[in-house]
Amino acid sequence: RALESDLRRAWAARDFELFFQPIIDMKTRRVSCLEALLRWNHPDRGSVSPETFIPLAEEMGLIVPIGEWVLSEACAAAMTWPENLRVAVNLSPVQLAHIGLAEAITASLARTGLAADRLELEITETVMMKETRATLATLERLKALGLRIAMDDFGAGYSSLRNLQRFPFDKVKIDRAFTAGLGHSRQSAAIVRAVTGMCLSLGMVSTAEGVETEAQLDALDREGCTEAQGYLFSKPVPAKDVAALLDRLA
Ligand code: G
Ligand code: G
Ligand code: MN
Ligand code: NA
């Protein structure tokens, strides 16, 4: 398949770039974290979405080296930001199942000098269903390094409250479908309220994804959500534009 050989070539040439999108603390309305989002600059197709090429990279066994590159680049980028800012990195289920993950993370932190408590890992729930013992052991090990773990896209797919109970999550990222429903769907507001309430009770941060309007932000604040992310603040931007972005949002 054409895309497959293109991806292999792209990886060899490191034709990838990390973009960063800010996450805002609801209380201070300041940036607390930036999420690293991978982009592939395809010579003909332009920017290819990770939704297209990550599954392919998983099949091809490329996700582990690509994921290690992402971790390393993200840690290096965070070292150029103010020290109170964290960086969030998305992990593929395949990376989570890979035995070398904790070593790769330790190596990235050591090489860049980034403090472990400035790194967050975002994990989607799909994985959790299988290998729960191995997954739990890995997550406990990563937590012991001092980093934070977020459940990504909560409510979107295989969400199970059992997973929130048995895995050591620090944060829940509420899927943007619920944010989108705020204002015109009473169900969305009720679900957001229930999730943020649960997070508060369990000592977890709640982050709303896909915040696009002031009205949504106000509703989220009312419902007790603790962080917000979305186009209202900024689209994902290249690493070189982060400083200007932070100035704008300060
Ligand atoms: O903003 P964007 O179109 O980049 O994100 C699309 C999807 O790709 C999101 O679900 C996001 O979690 C995922 N994604 C973005 N960057 C990475 C990455 O570096 N690794 C993995 N595994 N997924 C990523
Ligand atoms: O699954 P994950 O949260 O990692 O995916 C992030 C994805 O969400 C990226 O594709 C990013 O570009 C997209 N995104 C970020 N903010 C918004 C937003 O406010 N609205 C919409 N529609 N998408 C967003
Ligand atoms: Mn994410
Ligand atoms: Na998400």
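## A walk from strand β6 outwards

Start by selecting aspartate 153, which sits in strand β6. This is a predicted model, so treat each stop as a feature of a prediction. Check the backbone of aspartate 153: phi is near 55°, a positive value in a residue other than glycine. Is aspartate 153 buried or exposed? It counts as buried, because 20 C-beta neighbours lie inside 10 Å and the cut-off for buried is 20 or more.

**Ligand 2**

Keep aspartate 153 selected and bring up ligand 2. Which residues come nearest to this ligand? Of the 13 around it, they are Asp153, Gly210, Glu212, Gly230 and Tyr231. Colour the shell around ligand 2 by class and you should get 4 nonpolar, 4 polar and 5 charged residues.

Next, click on threonine 213, in the loop between β8 and α10. Threonine 213 is partly exposed, with 15 other C-beta atoms within 10 Å. Now draw a distance from threonine 213 to phenylalanine 233: the C-alpha atoms are 9.2 Å apart in space, while the two residues are 20 apart in sequence.

**Helix α9**

Select residues 186-202, which make up helix α9. How far apart are its end C-alpha atoms? They are 24 Å apart, which agrees with the 24 Å that 17 residues should span at 1.5 Å a residue.

Show side chains for Ser188, Val192, Val195, Thr196 and Cys199, the buried residues of α9. They cover an arc of only 95° around the axis, so they sit on the same side of α9. The general reason is helix geometry: with 3.6 residues a turn, residues three or four places apart point the same way.

What do those buried residues pack against? Add β6 (148-154), β7 (171-174), α8 (176-181), β8 (205-208) and α10 (214-222) to the view. Then spin the helix around: the face of α9 turned away from the buried side carries Arg186, Gln187, Ala194 and Ser201, which are exposed. Step just past α9 to glycine 203, where phi is positive at about 75°.

**Helix α5**

Jump to residues 101-112, helix α5. Its 12 residues should span 16 Å at 1.5 Å a residue, and the end C-alpha atoms are 17 Å apart, which agrees.

Which residues of α5 are buried? Pick Leu101, Ile105, Ser108 and Leu109. Looking down the axis of α5, you'll see them fall within an arc of 95°, so they line one face of the helix. For what covers these buried residues, show α3 (63-78), α4 (93-97), β5 (119-124) and α6 (132-144), which are included in that cover. On the other side of α5, Glu103, Ala110 and Arg111 are exposed. The helix is followed by glycine 113, and here too you can check phi: it is positive, near 85°.

**Ligand 1**

Now centre on ligand 1. The residues around it are Leu37, Leu38, Ser49, Pro50, Glu51, Ile54, Val70, Asn90, Leu91, Ser92 and Pro236. Which elements give two or more residues to this shell? They are β2 (31-42), α2 (50-60) and β4 (86-91). Highlight α2 in particular, since α2 gives the most, with 3 residues. Coloured by class, the shell around ligand 1 shows 7 nonpolar, 3 polar and 1 charged residues.

**Arginine 14**

One more backbone stop: select arginine 14, in the loop between α1 (2-13) and β1 (16-25). Its phi is positive, about 55°, although arginine 14 is not a glycine. Is arginine 14 buried or exposed? It is exposed, with 10 other C-beta atoms within 10 Å.

**Zoom out**

Finally, switch to a cartoon of the protein chain, where there are 11 helices and 10 strands to pick out. The radius of gyration is 18 Å, close to the 18 Å that the globule rule gives for 250 residues, so the chain is as compact as a globular protein of that length. If you draw a box along the principal axes, the C-alpha atoms fill roughly 50 × 45 × 40 Å.

Colour by burial next: buried residues make up 38% of the 250 residues. For a contact map, look off the diagonal. Among contacts between residues at least 6 apart in sequence, 63% join residues at least 24 apart.

Terms used
Residues are numbered from 1 along each chain as its sequence is written. Chains are lettered from A and ligands numbered from 1 in the order in which they are written. This is a predicted model: local features need pLDDT of at least 70, side-chain atom pairs count only at pLDDT 80 or more; totals for chains, interfaces and linings use all residues. A residue is near a molecule or strand if its C-beta atom, placed from the backbone, lies within 6 Å of it. Helices (H or I, at least four residues) and strands (E, at least two) are DSSP runs, numbered from the N terminus. Ala, Val, Leu, Ile, Met, Phe, Trp, Tyr, Cys and Pro count as nonpolar, Asp, Glu, Lys and Arg as charged, and the others, Gly among them, as polar. The expected span of a helix is 1.5 Å times one less than its number of residues. A residue is buried if 20 or more other C-beta atoms lie within 10 Å of its own, exposed if 12 or fewer, and partly exposed in between; C-beta atoms are placed from the backbone. The arc is that of the directions from the helix axis to the C-beta atoms. Two residues are in contact if their C-beta atoms, placed from the backbone, lie within 7 Å. The radius of gyration is taken over C-alpha atoms; the globule rule is 2.2 Å times the number of residues to the power 0.38.
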